[in-house]
Amino acid sequence: MDRFLPLTALLALFALPIDAAQSQTTERAPDTMAARVLACAPCHGAEGEGTSDAYFPRLAGKPAGYLYNQLIAFRDGRRRYPPMNYLLEFQTDDYLKKIAEYFASLRPAFPPPVPPVDSKEVLARGEQIVKNGDPQHGIPPCSACHGPALGGMEPGIPGLLGLRAAYISGQLGGWRYGTRTAFAPDCMQIVAGLLTEVDVKAVAAYLSSRPAPADPSFAPRGSLPMPLECGSEPH
Amino acid sequence: MSRTSTGLLVGLVLALSPATASAQQKAADPAVIAKGEYLARAGDCIACHTAREGKTFAGGLPMKTPFGTLYTSNITPDPQTGIGTWTSDQFYQMMHNGRFPDGGLVYPAMPFASYTQVTREDSDAIYAYLRTVPPVKQLNKPHDLTFPFNNRSLILGWRTLFFREGEFKPDPTKSAEWNRGNYLVEGLGHCGMCHTPINALGGSKQSQAFEGGLIPMQNWYAPSLTSNKETGLGDWTIEEIVDYLRKGVSAKGAVYGPMAEVVYNSLQYLNDDDVRAMAVYLKGLAQGGPPEKASTSLPSAESSLLLSFGKSIYDRDCASCHGATGQGMPPDYPPLAGNQSIQMVSAVNSIRMVLNGGYPPGTSGNPMPHGMPPFAQKLSDDEVAAVVTYIRTAWGNRGEPVSARQANELRAATLN
């Protein structure tokens, strides 16, 4: 998709009402995805780039299959965040797929990573878990599924860079406390259950300190030897 | 969405011994089954009898009421946990008279007070269809009602006050279309369950049929469908009512809140003739003429201050979609000028729209709706009150101002 389209569409949208008021004709809303998802903009940004609120995630450039799974999970209540559950409750699979593909196609710039506030030890512990796991406690390396460069894998595994620490620990907490569930078998629930509070903090600190690649590249489907089975990533 | 209802006052032990009767097993005619499926859509059985992510018609959906929580029943043909052993007579008795096969009383959250109008022939078609859906083995969850409402004998009192048993009788002085609409709206459609005010006893007030009411537990207001007093469909064309009911959007307004569920699960599946018939009937309920002028005391010095504050918020946050003069971009962005549903005495719907935003339901006639962003985190209670006051009173609208307190109270309303 033309990456400039959303911007033009937005401009058109804001130009329209004035015209409409002047001519008193009833103008239709722009027939674009950008106009259709304006309802998401206050929390995710007009191009899915995220907002200053650390808890509101970026959507742009994530794998379409992953985003689609999340939209279905919100609609059906398997992933809980009431304002989003409410907005999506009566939308069809087809439309949610189009919304997912739309955000997956956008490439707004990433904000620069926040300089880490955590100690070197904490970051080192995080890096250790992400790259090598913790065999003693049965924790698999995150990179085994999310990719050596942590860019994610088609179709359902997201990258882990460009996310903020509060969001990462919030999601790992969501799996541990059951407010976020993915298709069974829910491998992330197992992984999150193996991490201690200290591990979660370390992983979130490390991941959020790494710069995100300008153009995300996903590992091809089936290219990584996943240590656990995941319902969201069928073989 | 969990459905709610106050339509109940009662209830006790589930003394339902499974019916002894042997169900008639002769295979039904495919045309009858197809008709039954269509009628089940018109009755929106699926909305209540299917839990979120649950199996179709296996029940288990929680329905919150002021008296506790009811759980809907398994109506699949499973012989042990569903209604597999029921005969068509027993099924008709449930629909028509609100009684279980053993004579036990059914809570009026099951809309038998409307379904009583359904003809025997249509009831049999729905029965035939339900026998063909995949059986699901799932025990009914016991209701969780507070004393004394967990005593089913209380239903008897409710029935004396609110229940009039009787199949639909066509009015020979009216057109076939009007009669069809009457049958669907008052019977299977159970529209009055939300659109007729609920009185303190949890029954619908028949003297005020279709005059609108606040839906208990949900904090949504189902507007009047007549056109007296506060609002109504008086100046809607038949075409606009048909679009609204079938597509979820129209030149006059868009569907949201609990009405979105009705359109999504039920009305969008009805054929054009039937929806048109409902619209014709609803138009007939309208008493014609413009709505009575509201007696606003505006503009006092204070409320005109509120208004200019509200206008600045409107111009910044709303005009891009709803237009500088509230004309909207129908049907995608509803007009606010002249929109009766935002001028109702109750402002809950407008306040909640501003706080929570919304999407009309995705339907075959409007598969990719445009949406409205939520403003709960952007606007303070004062700002919400100001902008809602502005849209209720600008451009010739005649609603009353709202207070920051009203806005604040609705922040806590449950979303779904």
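Chain B comes out with a mean pLDDT of 86, and 83% of its residues reach 70 or more; pLDDT here is the predictor's confidence in each residue, on a scale from 0 to 100. Among the elements of chain B, helix H5 (residues 120-130) has the highest mean pLDDT, 98, and strand S4 (residues 213-215) the lowest, 70. Helices (H or I, at least four residues) and strands (E, at least two) are DSSP runs, numbered from the N terminus. Two stretches of chain B drop below 50: residues 4-24, with 79 contacts in the model beyond near neighbours in sequence, and residues 288-298, with 16 such contacts. A contact means heavy atoms within 4.5 Å. For the complex, the predictor gives an ipTM of 0.87 and a pTM of 0.90.

A word on conventions. This is a predicted model, in which local features need pLDDT of at least 70, side-chain atom pairs count only at pLDDT 80 or more, and totals for chains, interfaces and linings use all residues. Residues are numbered from 1 along each chain as its sequence is written, chains are lettered from A and ligands numbered from 1 in the order in which they are written, and side-chain values use heavy atoms, leaving out hydrogens and water.

Now to the interface. Chain A and chain B each put 37 residues into the contact. Between them they bury about 3200 Å², 59% of it on carbon and sulfur atoms; buried area is the accessible area (1.4 Å probe) that two parts lose on being put together, summed over both. On the chain A side, A:Arg36, A:Tyr86 and A:Phe90 lose the most area to chain B, together 24% of what that side buries.

As for polar pairings, 3 salt bridges link the two chains, each a side-chain nitrogen of Lys or Arg within 4 Å of a carboxyl oxygen of Asp or Glu. One such salt bridge joins the side chains of A:Arg78 and B:Glu53, at 3.3 Å from N to O. Six elements of chain A each supply at least two residues to the side that touches chain B, among them helix H4 (64-76) and helix H6 (93-105). Helix H1 of chain A gives the most, with 6 residues.

Chain B also holds an open sheet of 3 strands in the order S1-S2-S3, with antiparallel pairing. Strands S1 (62-65) and S3 (144-145) of chain B have a single partner strand each, so one side of each is left without a neighbour in the sheet. S1 and S2 (residues 68-71) of chain B pair over 4 bridges, where strands count as paired if DSSP finds at least two bridges between them. In S2 of chain B, B:Thr69 is the bridge partner of B:Lys64.
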